[in-house]
Amino acid sequence: MQDTTENLNGASPVSKFLARAAQNNTSVDNVMDETSVFRLKLPVDINLNDVNITVATEADYATVADLKNASNSDDDIVTYVYPITVSLRNFEEITVNNLTQLNTIITQNEDLSDISCVTIVYPITINEYDSANQLADILTINSDSQLINYLLSLNNGVFIPSIIRFR
């Protein structure tokens, strides 16, 4: 029987940490969407405090923040001009046509901010063992989207030995 005490799998804390380090930076636009479930794909047209704004670049988030901070007597509710496109933690893009669809995405996904104090340098090579099929494999991962999708799809029978070779 294989000793799995040093192995990573989909449920291990290290795998979850790596997934958060590799995930889409979903917190960068929280001044608009107030969630780390997704990131809004720019450009996006919004209405904030009866002002129409086209947010075309990340620099425009400062305009949104300034408008929110301009007064303490308003509601600061961002209303989107639909359709909009959102990008989830795993970089999957979804076109959203209304507020109901947007709220469904928010409630069906975990709100995890990214871990930005770690940078993963690609490519990385992962030694993998599938205990159900008795197969060993060596994978090369070249991007954050590949890594997070790999980690999120790991089942309990697949193990990554404790040594991950970084190139």
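This report covers confidence, strand pairing, salt bridges and the surroundings of one threonine in a predicted model.

## Model and confidence

Residues are numbered from 1 along each chain as its sequence is written. Because the model is predicted, local features need pLDDT of at least 70 and side-chain atom pairs count only at pLDDT 80 or more, while totals for chains, interfaces and linings use all residues; side-chain values use heavy atoms, leaving out hydrogens and water.

The protein has a mean pLDDT (the predictor's confidence in each residue, from 0 to 100) of 86, with 90% of residues at 70 or more. Among its elements, strand 6 has the highest mean pLDDT, 98, and strand 10 (residues 165–166) the lowest, 50. Residues 1–5 have pLDDT below 50, and this stretch makes 3 contacts in the model beyond near neighbours in sequence. Contact means heavy atoms within 4.5 Å.

## The three-stranded sheet

Helices (H or I, at least four residues) and strands (E, at least two) are DSSP runs, numbered from the N terminus. Two strands pair if DSSP finds at least two bridges between them. An open sheet of 3 strands follows the order 1-5-6 with antiparallel pairing. Strand 1 (38–40) and strand 6 (93–96) are its edge strands, each pairing on one side only. On average, neighbouring strands of this sheet are turned by 35° against each other, direction ignored. Angles run from 0 to 180 degrees between N-to-C directions, with axes fitted as lines to C-alpha atoms, for helices over the stretch in contact.

Strand 1 pairs with strand 5 (residues 84–88) over 3 bridges in the antiparallel sense, and Ser-87 in strand 5 is the bridge partner of Arg-39. Helix 4 (residues 99–108) lies across strand 1, strand 5 and strand 6, at about 145° to strand 6.

## The hairpin

Strand 2 (residues 44–48) and strand 3 (residues 51–55) run antiparallel and are joined by 5 bridges. One bridge partner in strand 3 is Thr-54, opposite Asp-45. The two strands form a hairpin with 2 residues between them, and Asn-49 in the turn has a positive phi of about 55°.

## Salt bridges

The whole structure holds 3 salt bridges, each defined by a side-chain nitrogen of Lys or Arg within 4 Å of a carboxyl oxygen of Asp or Glu. Lys-68 and Glu-34 meet at 3.2 Å, N to O. This pair links distant parts of the chain, 34 residues apart: Lys-68 is in helix 3 (residues 61–69), and Glu-34 is in the loop between helix 2 and strand 1. Lys-68 is buried at 12% relative accessible area, whereas Glu-34 is exposed at 58%. Buried means under 20% relative accessible area, exposed over 50%, and partly exposed in between (1.4 Å probe, protein chains only).

Glu-58 and Arg-39 form a salt bridge at 2.2 Å, N to O. Glu-58 lies in the loop between strand 3 and helix 3 and Arg-39 in strand 1, 19 residues apart. In the salt bridge of Lys-41 with Glu-93, the closest N and O atoms are 3.3 Å apart. Lys-41 is in the loop between strand 1 and strand 2 and Glu-93 in strand 6, so this pair ties together parts 52 residues apart in sequence.

## Around Thr-35

Thr-35 sits in the loop between helix 2 (30–33) and strand 1 and counts as buried at 5% relative accessibility. A polar atom of the Thr-35 side chain lies 3.1 Å from the backbone nitrogen of Val-37. The side chains of Thr-35 and Asp-111 are joined by a polar contact of 3.5 Å. A polar contact is a pair of N or O atoms within 3.5 Å; within protein, one must be able to donate a hydrogen and the other to accept it, and residues adjacent in sequence count only if both atoms are side-chain atoms. Not counting residues up to four places away in sequence, Thr-35 touches Thr-26, Asp-29, Asn-30, Ile-106 and Asp-111.
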